[in-house]
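Student: Could you take me through one part of this predicted model in detail? I would like to follow the charged side chains and their surroundings.

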Amino acid sequence: MADGNEIPIRVLREFAELVLRSELVEASRQVLEGPPEFAVGRALELASLVLGVRVVDDSENGKEGAG
């Protein structure tokens, strides 16, 4: 899309559905909508996912800089 072409609405909808199915979104919903007695455990799960994404992202950035 860098060439200025429009993104088809079908592609945008597919992308939105994919994002809504992600583990981060699901874990966030569980923290927000779940009973209070499970909130801490769910928050820890969410934090581990976020930190895992960050670690992967940092390692990918290191690979780019090494080449």
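Tutor: Glu14 is partly exposed, its relative accessible area being 43%, and its side chain meets that of Arg10 in a salt bridge, with 3.3 Å from N to O. Because these two residues stand four apart in helix α1, which covers residues 9-20, Glu14 and Arg10 are separated by about one helical turn. The pair qualifies as a salt bridge because the cut-off asks for a side-chain nitrogen of Lys or Arg within 4 Å of a carboxyl oxygen of Asp or Glu, and by this rule the model has two salt bridges in its count.

The side chains of Glu45 and Arg42 also meet in a salt bridge, here with 3.7 Å from N to O. Glu45 and Arg42 lie three residues apart in helix α3, which spans residues 39-66, so about one helical turn separates them. Both ends of this bridge are partly exposed, Glu45 with a relative accessibility of 41% and Arg42 with a relative accessible area of 31%.

Returning to helix α1, we also find Val11 there, a residue that is partly exposed at 33% relative accessible area. Val11 belongs to a nonpolar surface patch together with Ile7, Ile9 and Leu12, and the accessible area of these four residues together is about 310 Å². Val11 can be counted in such a patch because membership requires over 30% relative accessible area and no salt bridge, and its 33% is the value to set against that cut-off. Helix α1 therefore holds both the Glu14 and Arg10 pair and Val11 of the nonpolar patch.

Methods:
Residues are numbered from 1 along each chain as its sequence is written. This is a predicted model: local features need pLDDT of at least 70, side-chain atom pairs count only at pLDDT 80 or more; totals for chains, interfaces and linings use all residues. Side-chain values use heavy atoms; hydrogens and water are left out. Buried means under 20% relative accessible area, exposed over 50%, partly exposed in between (1.4 Å probe, protein chains only). Patches are made of residues with over 30% relative accessible area and no salt bridge: like charges are joined within 9 Å, nonpolar side chains (Val, Leu, Ile, Met, Phe, Trp, Tyr) within 5 Å. Accessible areas come from the Shrake-Rupley method with a 1.4 Å probe; for residues, only the protein chains shown count as cover.
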